[in-house]
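Visitor: I would like a close look at a single part of this model, followed outward into whatever surrounds it. Could you take me through one strand and its neighbourhood with some care?

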Amino acid sequence: MKRVTARLLAGLLAAVLSLLAEQCWADGGGPSLSERVIWAVNAGGEAHMDVHGIHFKKDPLEGKLGKASDYGVRLPILRSSPEDQILYQTERYNEDTFGYDIPIRDEGDYILVLKFAEVYFAQSQQKVFDVRLNGHIVVKDLDIFERVGHSTAHDEIIPLSIRRGKLSVKGEVSTFNGKLQVEFVKGYYDNPKVCALYVMKGTLEDVPKLQPHPGLEKPEEEEEEEEETEVGEDGGRKKVTPSSKTRVQSGPRTPNPYAADNSSLMFPILVAFGVFIPTLFCLCRL
């Protein structure tokens, strides 16, 4: 009886502590961003601590699989802070599918962040590949240059959850064996690669965002031309596109020079008749 009571008290205490921890996290007193990151690697490069305090370890695949490249160190990387450009300047690529195994012991909600930058090719359809997570395609036909252009940081952010031995990602569920297997799948165009990656506990709102990309922002004119609605004569509402709106003309319509009077075309005909009839009359008298 005493053992049962002790177990119940221990379980109750654990539940209370868990609730207090969750409440503390919700109130802003929980783990920092760097403390939520459970695994981080600078692919193809050395260890690095970024501006958020995330410690990226040296690439564990060095000398084992694929090839490391620091070709991008000669280029400034847009959208990235100067201190963290190294995370996008180095990379690991392989001539076949390759990847990383990430151990995860606890259940919960996680975010996988994959970092890329195209530092070699200067047009799209030169490097295209998929990203697979435990057999699930989580990024399809990734063309970095087509997404953001040359020497520009690009992050793929993938939320996932682990509950009761099951992995849920992109609406699909599979059995989870304690490891996340992140694979960069060889495609038809060149070799798959990655610059850096990490896994953290949390939600999408917790992930640090890259600096805005001027070329990808929606122009103000396009925002103003979004579809609007107006009330019709019957009291209903209908969509009004920019092309259907009444536009004020800048001035009177210019006359069409090709729509001139056709009387000028009749003048040569009248002259021909005036010459032909007297000539015919003279010939008849002869």
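Guide: Two strands are taken to pair if DSSP finds at least two bridges between them, and with that rule in hand we can turn to strand 10, bearing in mind throughout that this is a predicted model. Strand 10 and strand 11, the latter made of residues 166–169, meet that condition with 3 bridges and pair in the antiparallel sense. Within this pairing, Ile-162 has Leu-167 of strand 11 opposite it. The hairpin that the two strands form has 2 residues between the strands, and Arg-164 there takes a positive phi near 50°. Strand 10 is also joined to strand 7 by 9 bridges, and these two strands likewise run antiparallel; here Leu-114 stands opposite Glu-156 of strand 10. As for its surroundings, strand 10 is mostly covered, since 7 of its 10 residues are buried.

Just before the strand comes Thr-152, which lies in the loop between helix 4 (144–148) and strand 10 (154–163). Thr-152 has a relative accessible area of 2%, and because buried means under 20%, this residue counts as buried. Its side chain reaches the backbone oxygen of His-150 at 2.8 Å. Leaving aside residues up to four places away in sequence, Thr-152 touches Ile-77, Leu-78, Arg-79, Phe-116, Ala-117, Glu-118 and His-213.

From here the view widens to the nonpolar interior. In soluble globular proteins, nonpolar side chains tend to be buried together. The largest nonpolar core in this model has 32 residues, and Tyr-100 and Phe-184 are those with the most contacts inside it. Strand 7, residues 108–116, supplies the largest share of this core, with 4 residues. Another core, of 17 residues, lies apart from it and has Val-37, Ile-77, Ile-111 and Ala-153 among its members.

The aromatic residues deserve a separate look. A pair of aromatic rings is described by the distance of the centres and the angle of the planes. The count comes to 8 aromatic pairs, one of which, Trp-39 with Tyr-100, is edge-to-face, at 6.0 Å centre to centre and with 65° between the planes. That pair links distant parts of the chain, with Trp-39 in strand 1 and Tyr-100 in strand 6 (residues 98–103), 61 residues apart, and both Trp-39 and Tyr-100 are buried. Phe-98 and Phe-184 form a pair that is tilted, 5.3 Å centre to centre and 35° between the planes. This second pair also links distant parts of the chain, since Phe-98 is in strand 6 and Phe-184 in strand 13 (residues 179–189), 86 residues apart; both phenylalanines are buried. Ring pairs link Trp-39, Phe-98, Tyr-100, Phe-116, Phe-129 and Phe-184 into a cluster, and Phe-116 in that cluster brings us back to the starting region, as Thr-152 touches Phe-116.

Strand 1, where Trp-39 sits, can be followed a little further. Strand 1 (residues 37–42) and strand 3 (residues 55–58) pair in the parallel sense over 2 bridges, and Lys-58 of strand 3 is the bridge partner of Asn-42. Strand 3 is joined by 2 bridges to strand 2 (residues 48–49) as well, but these two run antiparallel, with His-48 opposite Phe-56. In the hairpin of strand 2 and strand 3, which has 5 residues between the strands, Gly-53 takes a positive phi near 85°.

Terms used: Residues are numbered from 1 along each chain as its sequence is written. This is a predicted model: local features need pLDDT of at least 70, side-chain atom pairs count only at pLDDT 80 or more; totals for chains, interfaces and linings use all residues. Side-chain values use heavy atoms; hydrogens and water are left out. Buried means under 20% relative accessible area, exposed over 50%, partly exposed in between (1.4 Å probe, protein chains only). A polar contact is a pair of N or O atoms within 3.5 Å; within protein, one must be able to donate a hydrogen and the other to accept it, and residues adjacent in sequence count only if both atoms are side-chain atoms. Contact means heavy atoms within 4.5 Å. A nonpolar core is a set of buried Ala, Val, Leu, Ile, Met, Phe, Trp, Tyr and Cys residues joined through side-chain atoms within 4.5 Å. Rings of Phe, Tyr and Trp (its six-membered ring) pair if their centres lie within 6.5 Å; planes under 30 degrees apart count as stacked, over 60 as edge-to-face and the rest as tilted.
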